[in-house]
Amino acid sequence: MLITRRLEFDAGHRIPDHKSQCRHLHGHRYAIEITLAGDIIRRTGDPANGMVMDFSEVKALAMQHLVEAWDHAFLVWAGDRPIVDFLQSLPDHKTVLLDCVPTAENLAQQAFAILDAVYRDTYGNQLRLERLRLYETPNCWAEALRG
C-alpha cells in the first residue's frame with residue numbers, strides 16, 4: 001500500500017551556472033509529496049489501526065526534520081561564495097547551506113536522504129519512504145525514488 005502526504009513551503013535559491021533567469025536570486029512556492037509504502041496496520045483498538053501511518057504523523061515528522069528548516073530560507077550551494085558571503089552579512093538571515101547546487105533534482109535527493117532516516121517502521125508493517133516528489137513550480141518537479 002502507498003500513501004502520500006503533500007506539504008508546501010516557500011524558499012529562495014539560485015542556480016549560479018545557469019544561462020537563463022535562474023542564475024538570479026529568486027524564490028518558489030515549493031510543494032513536497034512524501035510517499036510511504038507499507039502494509040496496513042491491523043491492531044484492533046490501536047489509533048493507527050487500518051492505516052499505513054497516520055497522515056498527521058507523516059506531516060509532523062516532515063515539518064520537524066525538513067520543512068521548518070527550509071521554509072522561508074534561502075537554499076544556497078556552499079560553493080556559491082558571492083551569495084554565501086552576502087547572506088552571512090545579513091543579521092539573523094535564515095540560510096541553508098547545501099553541498100550541491102539547489103536544483104529541483106538535488107533538493108529532492110537531499111530531502112529524500114533527510115526523510116528516509118525519519119520514517120521508521122514501528123508496527124512491523126514494512127514502512128519505508130518510497131518516493132519524494134518536489135515541485136519547484138506547478139508544472140515542474142523532480143522525483144527521488146527508493147533504489
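**Helix H1 and its surroundings**

In helix H1, the buried residues (under 20% relative accessible area, 1.4 Å probe, protein chains only) are Val58, Leu61, Ala62, Leu66, Val67 and Trp70. This is a predicted model, where local features need pLDDT of at least 70, side-chain atom pairs count only at pLDDT 80 or more, and totals for chains, interfaces and linings use all residues. Residues are numbered from 1 along each chain as its sequence is written, and side-chain values use heavy atoms, leaving out hydrogens and water.

**Helix H1**
- H1 spans residues 55-70 and bends by about 55° at methionine 63, the bend being the angle between axes fitted to the seven residues ending there and the seven starting there.
- Helices (H or I, at least four residues) and strands (E, at least two) are DSSP runs, numbered from the N terminus.
- Cover for the buried residues of H1 includes strands S1 (2-13), S2 (26-37), S3 (73-77) and S4 (95-98), along with helix H3 (104-116).
- After H1 comes histidine 72, with a positive phi near 55°.

**Aspartate 80**
- Aspartate 80 sits in the loop between S3 and H2.
- Its relative accessibility is 5%, so aspartate 80 counts as buried.
- Leaving aside residues up to four places away in sequence, aspartate 80 touches Arg14 and Pro16 (contact means heavy atoms within 4.5 Å).

**Leucine 90**
- Leucine 90 is found in the loop between helix H2 (81-88) and S4.
- With a relative accessible area of 31%, leucine 90 is partly exposed (between the buried limit and the exposed one of over 50%).
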